[in-house]
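Let's take a walk through this fold by way of its cysteines, and then stop at a pocket. Keep the 3D view open as you read.

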Amino acid sequence: MFSLVVFLACIGLICAEAPLSHVVHNERVVGGYDAALNFWTWQVSLQQDSYNDGLYYHICGGSIIDAFHVMTAAHCILSMDASKYRVVVGEYNLYEYDGSEQFIHVERIIIHPGWTGDLANGNDIAVLKLANPVYDNGFVSIANLPAPGQMLPHGFTCYITGWGLMDYMGSVPANLQEAAIPVVEHSVCSQPNWWGSIALKTMVCAGGDGIISGCQGDSGGPLNCFTDGVWRVHGVVSYGPSGFCNQAYKPTVFTRVSSFLDWILSVV
């Protein structure tokens, strides 16, 4: 079963030489559409300078959890050298610099101590400490997080957002994508014809209809759910099926944020 799992981190999709020069090679959420402008304001693009040449490439998404910290997936971290990474907050159109973006370097990488590199073991979560704080320019905000241990009911509609693959052909949108995606409760997602034993209770499954899913480039990004009167980040994109991302009975799997609140608070 584990052979079906593929890392959703997508390397070399967005190349940004400088704030005024974006060269983009990215794809999107499968089945998604352009997100509302200035709505998912806690969404970030995590970028890496893989070749030490000053060129940053989008590898994953993430969420702002306070002025100095971003939450993402542990499997997005391909090097522990913090100087290789930066985050872009206030981003929307990846082809253009509209003045809403902030480009902030990473000072420290904090990976959950239970992360083993094996997605089936869970703990796929990391926190990045930023070298400079995110400032409120009207285009960014801090994500609300769920209550400890909170679990969503089967069929509850959330939204996945990101700049991940739209399909296996790699169609390229300019703007942040969003898609409504229903939660699949653990008792269903862990059935043998779904994800089986690699769907843990510390994960959230969503989708599996064969139409909408996360895909390469969405990893680390948020599962946004409207609960208790506000939008909250209930999940961090972790894994999905190999090959076509939008396979029936193989929903996108997220790290369940409510299972890791104590650890998050301990490191921020």
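**Following the sulfurs**

Start with the bond between C60 and C76: the torsion about its S-S bond is about -95°, so this disulfide is left-handed. C60 sits in strand β6 (residues 56-66), while C76 is in the loop between β7 (69-72) and β8 (85-89), so the pair ties together parts that are 16 residues apart in sequence. The S to S distance here is 2.1 Å, and both C60 and C76 are buried. Bear in mind that you're looking at a predicted model.

How many disulfides does the model have? The count comes to 4. If you number the bonded cysteines along the chain, the pattern reads 1-2, 3-7, 4-5, 6-8. As a reminder of the chemistry, a disulfide is a covalent bond between the sulfur atoms of two cysteines.

Now move on to C158 and C225, whose sulfur atoms are 2.0 Å apart in a disulfide. Which hand does this one have? With a torsion of about 110° about the S-S bond of C158 and C225, it's right-handed. Here each end is in a strand: C158 belongs to β11 (residues 157-162) and C225 to β14 (residues 222-227), so the bond ties together parts that are 67 residues apart in sequence. Are these two cysteines buried or exposed? The cut-off for buried is under 20% relative accessible area. C158 has a relative accessibility of 0%, so it counts as buried. C225 is also at 0%, and therefore buried.

Next comes the link between C215 and C245, with an S to S distance of 1.9 Å. This disulfide is right-handed as well, with 60° about the S-S bond. Its ends are in loops: C215 is in the one between β13 (203-206) and β14, and C245 is in the one between β15 (230-241) and β16 (252-256). That pair links distant parts of the chain, 30 residues apart. As for exposure, C215 and C245 are both buried.

**A stop at the pocket**

Leave the cysteine pairs for a moment and look for the largest pocket, which holds about 190 Å³ of space. Which residues are closest to its centre? Of the 16 that line this pocket, they are L37, N38, G90, E91 and Y92. What is the lining made of, by class? It has 7 nonpolar, 6 polar and 3 charged residues.

Conventions. Residues are numbered from 1 along each chain as its sequence is written. This is a predicted model: local features need pLDDT of at least 70, side-chain atom pairs count only at pLDDT 80 or more; totals for chains, interfaces and linings use all residues. Side-chain values use heavy atoms; hydrogens and water are left out. A disulfide is a pair of cysteine sulfur atoms within 2.5 Å. Helices (H or I, at least four residues) and strands (E, at least two) are DSSP runs, numbered from the N terminus. Buried means under 20% relative accessible area, exposed over 50%, partly exposed in between (1.4 Å probe, protein chains only). On a 1 Å grid over the protein atoms alone, a cavity is a set of points where a 1.4 Å probe fits but cannot get out, and a pocket is an open set with protein on both sides within 12 Å along at least five of seven lines; lining residues have an atom within 4 Å of a point. Grid points are joined across faces, edges and corners, and a volume is the space filled by probe spheres set on the points. Ala, Val, Leu, Ile, Met, Phe, Trp, Tyr, Cys and Pro count as nonpolar, Asp, Glu, Lys and Arg as charged, and the others, Gly among them, as polar.
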